[in-house]
Amino acid sequence: MFYLMPIIFVLGILAIALEDKIKINKAAVALFMAIVLWIILMFDAYAIFVERSSVIFQDFLARNPEMAGLPAHKQFVNFITDRSIVYHLGNVSETLFFVMCSMLIVDIVDKHGGFRAMTRYIRTSNKRRLLWYVSFSAFFFSALLDNLAAAIVIMAVLRKLVPDRTDRLKYACMVIIASNAGGSWSPIGDVTTILLWVGGNLSAAHQISHLFIPALVNLLVPLTIAHFWLFKKGARLRVMSEEERDDEYVPEIPNRSRRVIFVIGVLSLALVPVFQMLTNLPPFMGVLSGLVVLWFYTDLMYSKLHMHESQTLRISKLLPNVDLATIFFFLGILMSVGALETSGHLGLMSSFLDERVHQPYLISFMIGILSSCVDNVALVAATIGMYPLPEQVANLSAYEQFFMADGGFWTFLAYCAVTGGSVLIIGSATGVTVMGLEKIDFMYYTKRFSLLALIGYCCGAGVYMLLFA
């Protein structure tokens, strides 16, 4: 049954990809996949953990000597539930709460007209020009906040500018590529870059100076192709949005209050890394803090305005707007990856790459390709565990120097793990979120944008190799 687990995972990914064909929601498939994988772990625990001499299980017993006297079944139950499920659920919950709070903050700012100012700066009826405005906004906004929050913000703006869904889907897909490209060169641009930064594998200055140009190429190549391919020269948007559309209560809210809501919302996302450094608490706590401040402010504001319609815009009324299907999808995918990590499959994959490939840059490149269908956070976390930083830098071999702090392996991995997720729409949290927000079909993205993303990924990687390899 050990070998059945990756097969189930691959079949689950295929079912998610063919959601429109099989008529089963991707969230249901992801949750079912996670449940089946954990059931296999529980029922075939002896073969997986004892007969295969699981390092993770042996480490668990060494850290908990009181378990040695318990029957094997009790050891397996404690290991799978306490060490594995609770551990992975804790990590997954951090991501889920971060996503939920980010989406809610953006929705609050949007409902109160906070994105109007940004909309004015990039408003144009020229389809090609708007494509460049939107892509570069996503690219730099991702570096300032993170690629997921940036994508959510840009999609909120796009809904104001491009109400026609046929046009908006094209922009949304380019937002995924641009956001992941922008997130790769910033230490706070993606969860994986945060892992590398906090873990001491990369410094902020080194990452920015080495990855900005490759990331920019990763954006410019597919953007240039899309410029000529997606829209005809001089093409205009079919419908221009009205400024007050979906904002009927905004005129009753003072401009000053709207600006304060916008500032609080943006700072709630932008200052998450600062909050984490000052408190050493997980990032989702910083987003929750911003949400609480926003909640206090809006409730006090409405109590003074005495608006009858304020009940519609209060945060307690906006909570149901959170896309629970997307949250459940995240839960299923990440817990499935957690099961594969617990069983040792991810470790075997990393070991195989290290033993058979033995080329640091090629390993990073392959991890980037794998991140298009396997969670990049799990891949990077497993890689960090596989290659611990050397305690001393003297007398290191040429191969070992790739794995020291700010080494070429970690730098290239930061680029590959983030941007490789653009190849498939399910390959990154950004892609999955935009997919949920706009109900983008998996095959729609695959047919039109996967090749563009792959070309950009390879071009950016080639530029990095030319500059620093």
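**Salt bridges, surface patches and helix positions**

Arginine 63 counts as exposed, at 64% relative accessibility. In this predicted model, the side chain of arginine 63 meets that of aspartate 59 in a salt bridge, with 2.9 Å from N to O. Aspartate 59 is partly exposed, its relative accessibility being 36%. The two residues are separated by about one helical turn, because they are four residues apart in helix α5 (residues 55-63).

This pair belongs to a wider set: a search of the whole structure finds five salt bridges. Another joins the side chains of arginine 83 and glutamate 341, at 3.8 Å from N to O. Here distant parts of the chain are linked, since arginine 83 is in helix α6 and glutamate 341 in helix α18 (residues 324-343), 258 residues apart. Arginine 83 is partly exposed, with a relative accessible area of 22%, and glutamate 341 also counts as partly exposed, at 22%.

A further salt bridge is formed by aspartate 167 and lysine 127, whose closest N and O atoms are 3.3 Å apart. Aspartate 167 lies in helix α10 (residues 165-184) and lysine 127 in helix α8 (residues 127-144), so this pair ties together parts that are 40 residues apart in sequence. Buried means under 20% relative accessible area; aspartate 167 therefore counts as buried, at 1%, and lysine 127 is likewise buried, at 9%. In addition, a network of salt bridges links Arg159, Arg168 and Glu438.

Helix α6 (residues 72-111) also holds threonine 95. This threonine 95 is partly exposed, with a relative accessible area of 26%. The C-alpha atom of threonine 95 is separated by 7.2 Å from that of phenylalanine 284, although the two residues are 189 residues apart along the chain.

The surface carries patches as well. A nonpolar patch is formed by Met1, Leu4, Ile7, Val10, Leu11 and Leu14, which together have about 560 Å² of accessible area. Of these, leucine 4 lies in helix α1 (residues 4-17) and is partly exposed, at 37% relative accessible area. A positive surface patch brings together Lys21, Lys23, Lys447 and Arg448.

Arginine 448 has its place in helix α24 (residues 442-448) and is partly exposed, with a relative accessible area of 36%. Serine 450, by contrast, lies in helix α25 (residues 450-468) and counts as buried, at 8% relative accessibility. Apart from its neighbours within four places in sequence, serine 450 is in contact with Val423, Leu424 and Tyr445.

Methods. Residues are numbered from 1 along each chain as its sequence is written. This is a predicted model: local features need pLDDT of at least 70, side-chain atom pairs count only at pLDDT 80 or more; totals for chains, interfaces and linings use all residues. Side-chain values use heavy atoms; hydrogens and water are left out. Patches are made of residues with over 30% relative accessible area and no salt bridge: like charges are joined within 9 Å, nonpolar side chains (Val, Leu, Ile, Met, Phe, Trp, Tyr) within 5 Å. Accessible areas come from the Shrake-Rupley method with a 1.4 Å probe; for residues, only the protein chains shown count as cover. A salt bridge is a side-chain nitrogen of Lys or Arg within 4 Å of a carboxyl oxygen of Asp or Glu. Lys and Arg count as positive and Asp and Glu as negative; His and the chain ends are not counted. The place of a charge is taken as NZ of Lys, CZ of Arg, CG of Asp or CD of Glu. Buried means under 20% relative accessible area, exposed over 50%, partly exposed in between (1.4 Å probe, protein chains only). Contact means heavy atoms within 4.5 Å.
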